[in-house]
Amino acid sequence: MASTLIVMGHGTVVLGAPMAVELFFIISGFVMMHATQNGLEQYFVKRLIRIVPLYWIVNFTFAGLALVTSSIVFSVPFFIKSLFFIARVPFFTVGWTLNYEMWFYLLFWVCSKISRKHRGLIALSACLVWYLYELRKFSGLNINSFPFVQPALILGILAYYCWEYLRTKPLNGLHKALLSSLIAVSALFVHSHLADRLMWDMERGTWSILRAAVCGIPAFLIFMSVLLLIRSDRSKPVKVLAYVGNISYSLYLWHIVVQTVLVGIFGRLGYVIVPPSTVPFMLLNLTLSLIVAHFSYKYLEQPVSRYLKDWLINRKSAAASAV
């Protein structure tokens, strides 16, 4: 869902999704807690296998577009820094979120090594310290953006604790109606003029420090509500939603490539498009990106992940057992 909102936000200003990034990091915090509840075996290797190969493939594809079309400035040193998550604003611009993801994975691993049982509370505290450190850097006049990633990661960790408490609680019709209403109200608030005024600093021309709360809290409420509503639902729409979740990483990465190609094609036809653009353009980009993401997930992401897991994890485990 978060990746779909991001595609919409990049495609059009009409259906922009300002809370998509917060939702993305809330899910990250939740998933890391859930994935490590039974142990930390090969934790960091699995994360690298999940993130790096497809990211590199998309980066090289995007670099090829830059060289062919000459529409994107390309620098080899900067490109290499981007591949290894060193560039603050990478060559493939949406990769900035993955830079933060990598730092969070490392931070979470350290916290889990201190105490796996209390990894959430330790990671939550570490993210808070990280946030305060980031805020200190943005205290002057020449700021670009207030940090809002760390509060979202904190909310993701809290979401896991809420889920552990609520996942076995029964839901009746009234509960479902309230959760559905909560989703609607939260989404409407984030897209309201009030939210716009609260999360954007007009004087500095950047995000306000309030963005972390204005977008983060509604995103948290939506995530928890959806999680509770679908926990026992096996209907076809839920299965479709779950599949979109499976291909979300491919969708997140490939949609910029698809969008760049579409802009180039329309440009050759005499139609100048500067995203974010119109709703029809966004729908075309979203549709094609979902198709590309499906094939990427099936023929790139899954096979590469299986091969690397077999090579780096399964064989190593077998060798250790033999010894």
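Reader: Which residues make the nonpolar surface patch of about 500 Å²?

Author: Happy to start there, with the reminder that this is a predicted model. The patch covers about 500 Å². One of its members, Leu106, sits in helix α5, residues 96–114. The residues that make the patch are Trp103, Leu106, Trp109, Val110 and Ile114.

Reader: Is Leu106 buried, partly exposed or exposed?

Author: Buried would need under 20% relative accessible area, and exposed would need over 50%. Leu106 has 38% relative accessibility, so Leu106 counts as partly exposed.

Reader: What covers the buried residues of α5?

Author: Let's look at the other residues of this helix. The buried residues of α5 include Leu98, Met102, Tyr105 and Phe108. An α-helix has 3.6 residues a turn, so residues three or four places apart point the same way. The cover over the buried residues of α5 includes α2, α3, α6, α7 (149–166) and α13 (248–268).

Reader: How far apart are the end C-alpha atoms of α5?

Author: A quick estimate helps here. At 1.5 Å a residue, the 19 residues of α5 should span 27 Å. The model agrees with that, because the end C-alpha atoms of α5 are 28 Å apart.

Reader: Where is Thr36, and which side chain does the side chain of Thr36 meet in a polar contact?

Author: Thr36 lies in the loop between α2 (20–35) and α3 (43–69). With 2% relative accessibility, Thr36 counts as buried, because the cut-off is under 20%. Its side chain reaches the backbone oxygen of Met32 at 2.7 Å. The side-chain partner of Thr36, at 2.8 Å, is Arg119.

Reader: Leaving aside neighbours within four places in sequence, which residues is Thr36 in contact with?

Author: One contact of Thr36 is Phe108, a buried residue of α5. Another is Arg119, whose side chain also makes the polar contact with Thr36. The full set is Tyr43, Phe108, Arg116 and Arg119.

Reader: How far apart in space are Tyr133 and Pro147, C-alpha to C-alpha?

Author: Tyr133 belongs to helix α6, residues 119–137, and counts as partly exposed at 43% relative accessibility. Tyr133 and Pro147 are 14 residues apart in sequence. In space, their C-alpha atoms are separated by 9.9 Å.

Reader: What share of the contacts with a separation of 6 or more comes from residues 24 or more positions apart?

Author: For the wider picture, the protein chain has 14 helices and 2 strands. Of its 323 residues, 44% count as buried. Among contacts with a separation of 6 or more, the share from residues 24 or more positions apart is 74%.

Conventions. Residues are numbered from 1 along each chain as its sequence is written. This is a predicted model: local features need pLDDT of at least 70, side-chain atom pairs count only at pLDDT 80 or more; totals for chains, interfaces and linings use all residues. Side-chain values use heavy atoms; hydrogens and water are left out. Patches are made of residues with over 30% relative accessible area and no salt bridge: like charges are joined within 9 Å, nonpolar side chains (Val, Leu, Ile, Met, Phe, Trp, Tyr) within 5 Å. Accessible areas come from the Shrake-Rupley method with a 1.4 Å probe; for residues, only the protein chains shown count as cover. A salt bridge is a side-chain nitrogen of Lys or Arg within 4 Å of a carboxyl oxygen of Asp or Glu. Helices (H or I, at least four residues) and strands (E, at least two) are DSSP runs, numbered from the N terminus. Buried means under 20% relative accessible area, exposed over 50%, partly exposed in between (1.4 Å probe, protein chains only). A polar contact is a pair of N or O atoms within 3.5 Å; within protein, one must be able to donate a hydrogen and the other to accept it, and residues adjacent in sequence count only if both atoms are side-chain atoms. Contact means heavy atoms within 4.5 Å. The expected span of a helix is 1.5 Å times one less than its number of residues.
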